[in-house]
Amino acid sequence: MKDKSLEELNIVRILILALSFISICTALILFLLLPVLKDYEQINLRENSQIGTVNSFKIDLKSSEDKVTHLQNINKKNLDQFQQKFDEKKFNQFLKYYFKNIKITNIKLQSQEEYLYKKLKIEGLMDNPKNFYNFIDALKDYDNLIKISYPIVLKATPKGIAINFYIEIYSD
């Protein structure tokens, strides 16, 4: 018996069925992929926005780090002074180089200012005002970070110039 199945084959019908199968598959693929592609676009936009924000923050952080490093380099001496422990005996010896008859009085801190370690009232005698200016210049190179506070009272006496002033010692 001879097979006649190939003779009865209708090419137009096969083409129509193949094209309809391809179009149904394409429609299903598009129907399933379009929401995913839409979500992908939104996620991609959000990611690009976040990357831009992160890069902006990195630039700001780098700029801030550079400023901090620059300030640390400029103020290295002050930062080192700030970290030193205050030695009252050593400071008394330092004062004797510039003043005579020194009297140091501890002042109770009324408000707790940040990093203010101690406040002292200094009373003494000096020969001329240049000693006080030399003291101020030498204070910049002293081991601790010390600020001279107002009022500074100078009074002429028979023994020399009496001076009264306050200092604030800063430390961590």
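Lys 118 is located in strand 2, which spans residues 116-126, in this predicted model. A polar contact of 3.2 Å joins the side chain of Lys 118 to the side chain of Glu 88. Beyond its neighbours within four places in sequence, Lys 118 is also in contact with Phe 86, Asn 106, Leu 109, Ile 167, Glu 168 and Ile 169, in addition to Glu 88.

Across the whole structure, 7 salt bridges are found. One of them pairs the side chains of Lys 90 and Asp 143, with an N to O distance of 2.2 Å. Because Lys 90 belongs to helix 3 (residues 88-96) and Asp 143 to the loop between helix 4 (129-139) and strand 3 (145-157), this pair ties together parts that are 53 residues apart in sequence. Lys 90 is partly exposed, at 42% relative accessibility, and Asp 143 is likewise partly exposed, at 33%.

Glu 168 takes part in a salt bridge with Lys 119, at 3.9 Å from N to O. Since Glu 168 lies in strand 4 (residues 160-170) and Lys 119 in strand 2, the bridge ties together parts that are 49 residues apart in sequence. A salt bridge also forms between the side chains of Glu 168 and Lys 147, at 3.8 Å from N to O. Here Glu 168 of strand 4 is paired with Lys 147 of strand 3, so parts that are 21 residues apart in sequence are tied together. Lys 119, Lys 147 and Glu 168 are thus linked in a network of salt bridges. Within this network, Glu 168 is buried, with a relative accessible area of 9%, whereas Lys 119 is partly exposed at 23% and Lys 147 is partly exposed at 42%.

Conventions
Residues numbered from 1 in each chain as written. Predicted model: local features only at pLDDT ≥ 70, side-chain atom pairs only at ≥ 80, totals over all residues. Heavy atoms only, no water. Helix = DSSP H or I, 4+ residues; strand = E, 2+ residues; numbered from the N terminus. Polar contact = N/O pair within 3.5 Å; in protein donor to acceptor, adjacent residues only side chain to side chain. Contact = heavy atoms within 4.5 Å. Salt bridge = Lys/Arg side-chain N within 4 Å of Asp/Glu carboxyl O. Buried < 20%, exposed > 50% of the residue type's maximum accessible area, 1.4 Å probe, protein only.
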